[in-house]
Amino acid sequence: MQTSLPETWARLVEPGRTYTLLWTGKEITYWDWGTPQQKKEIKRKWPPILVPGGAHLTLTVQEGRRPQIPSPPTPPPISPSERVPGAPVLSLELSCSSTMSACGGLNISIRVIYHSPSSDNESPQPITFHTWAFNPFDAFRVYRRLCPNQSDLQTENEWKSFEDDRSAHVFWDNPDRELNVAENEEGRFVTLFPGESWSKSWSFDPPDDLQPHEQLRYQFKGNTLDWWDWGTAEDHAQTIVTLPGSGIEPISHPKDNDHRPKVVIPASDIVEWTMID
């Protein structure tokens, strides 16, 4: 795992001085054998795990601003024209409040609609799919309004994609897991008939430096289902798929989805809101 210095530390250090960061050691008293998926509750265990101290690094603080890390080019949102013939037709709708308070997050709601088995097929055939394609971590984009004159929001403006650098960088070493689609213990699979929809919501936290009256936009950029099949979840009592150990990645097996056509969900509408005091 990688992290940055806490803001409280950054305010205490002085340019030109040298500092040493020292890991003093720690006893971990709450632990158990197994993977996180196998443990519903972890209790105090003896003896504790000892992580010995001694690791350290030395750094010298320099005057200046933190260098900006260039962002990779942002691919355009997926167009409806990219849908694959013969594949089920799905779309996503977004909704949220038009304002956001500085003291709380904004509730974002999505609605995934299954329109028909394909663009030229109106039969009532259900589908079951893995919901990874709609995860809030990398399937959505946040845009921040940039104005030539921030005091005048009526001037010509542009929108820039905002990347949240507060997210932790985590390395996973958990083993892959095999999931039974019909059992669906963690609610990762959804069954829909044509005309039905599946909904989910979460809270969005604004950038730390967002000021009152600033505006943000939010959009589902479009994605492809990592796993899907015809029929209901009950029809897949013998269907086993493999999920990577992180639990937040696409299904790794079967990789080609048994040669079924790719289900492309195009980009959603854009929702916009304003920060208020």
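Buried means under 20% relative accessible area, exposed means over 50%, and partly exposed lies in between. With a relative accessible area of 31%, Val51 is therefore partly exposed. Keep that scale in mind as you explore this structure, which is a predicted model. The protein chain has 277 residues, and 33% of them count as buried. Its secondary structure consists of one helix and 19 strands.

**The chain as a whole**

- About 18200 Å² of the protein chain is exposed, and carbon and sulfur atoms supply 52% of that area.
- Take the contacts in the chain with a separation of 6 or more: residues 24 or more positions apart account for 77% of them.

**A nonpolar patch on the surface**

- Which residues make a nonpolar surface patch of about 300 Å²? They are Trp23, Ile28, Ile49 and Val51.
- Val51 belongs to strand β3, which covers residues 44–52.
- Ile28 sits in strand β2, residues 25–30.
- At 35% relative accessibility, Ile28 counts as partly exposed.
- Setting aside neighbours within four places in sequence, Ile28 is in contact with Pro48, Ile49 and Val51.
- You can also look from Ile28 across to Arg44: these residues are 16 residues apart along the chain, and their C-alpha atoms are separated by 8.9 Å.

**Aromatic rings**

- A search of the whole structure turns up 11 aromatic pairs.
- One of the pairs is Phe140 with Phe220, whose ring centres are 5.3 Å apart and whose planes meet at 55 degrees, so this pair is tilted.
- Phe140 is in strand β9 (residues 140–146) and Phe220 is in strand β14 (residues 215–220), so the pair links distant parts of the chain, 80 residues apart.
- Are these two rings' residues buried or exposed? Phe140 counts as buried at 9% relative accessibility, and Phe220 is buried with a relative accessible area of 0%.
- Phe189 and Trp227 form an edge-to-face pair, with 5.7 Å from centre to centre and 85 degrees between the planes.
- Phe189 lies in strand β12 (residues 189–192), while Trp227 lies in the loop between β15 (223–224) and β16 (228–230), so the pair ties together parts that are 38 residues apart in sequence.
- Phe189 and Trp227 are both buried.
- One aromatic cluster is formed by Phe129, Phe134, Phe140, Trp198, Trp202, Phe204, Tyr218, Phe220 and Trp273.
- A charged residue also meets a ring: Arg260 lies over the face of Trp228, at 5.8 Å from the ring centre.

**Salt bridges**

- How many salt bridges does the structure hold? There are eight.
- In one of them, the side chains of Glu214 and Arg144 meet at 3.1 Å, N to O.
- Glu214 lies in the loop between β13 (197–204) and β14, and Arg144 lies in strand β9, so this pair ties together parts that are 70 residues apart in sequence.
- Both partners, Glu214 and Arg144, are buried.
- Arg177 and Glu186 form a salt bridge through their side chains, at 2.6 Å, N to O.
- Glu186 also meets Arg188 in a salt bridge, at 2.6 Å, N to O.
- Arg177, Glu186 and Arg188 are thus linked in a network of salt bridges.
- Within this network, Arg177 is buried, with a relative accessible area of 15%, and Arg188 counts as buried at 18%.
- Glu186 is partly exposed, because its relative accessible area is 42%.

**A loop residue to look up: Glu249**

- Where is Glu249? Glu249 lies in the loop between β17 (240–243) and β18 (264–265).
- Its relative accessibility of 37% means that Glu249 counts as partly exposed.
- Leaving out neighbours within four places in sequence, Glu249 is in contact with His130, Trp132, Leu243 and Pro244.
- Glu249 and Ala133 are 116 residues apart in sequence, but 9.3 Å apart in space, C-alpha to C-alpha.

Methods:
Residues are numbered from 1 along each chain as its sequence is written. Side-chain values use heavy atoms; hydrogens and water are left out. Patches are made of residues with over 30% relative accessible area and no salt bridge: like charges are joined within 9 Å, nonpolar side chains (Val, Leu, Ile, Met, Phe, Trp, Tyr) within 5 Å. Accessible areas come from the Shrake-Rupley method with a 1.4 Å probe; for residues, only the protein chains shown count as cover. A salt bridge is a side-chain nitrogen of Lys or Arg within 4 Å of a carboxyl oxygen of Asp or Glu. Helices (H or I, at least four residues) and strands (E, at least two) are DSSP runs, numbered from the N terminus. Buried means under 20% relative accessible area, exposed over 50%, partly exposed in between (1.4 Å probe, protein chains only). Rings of Phe, Tyr and Trp (its six-membered ring) pair if their centres lie within 6.5 Å; planes under 30 degrees apart count as stacked, over 60 as edge-to-face and the rest as tilted. A charge sits over a ring if NZ of Lys or CZ of Arg is within 6 Å of the ring centre and within 35 degrees of the ring normal. Contact means heavy atoms within 4.5 Å.
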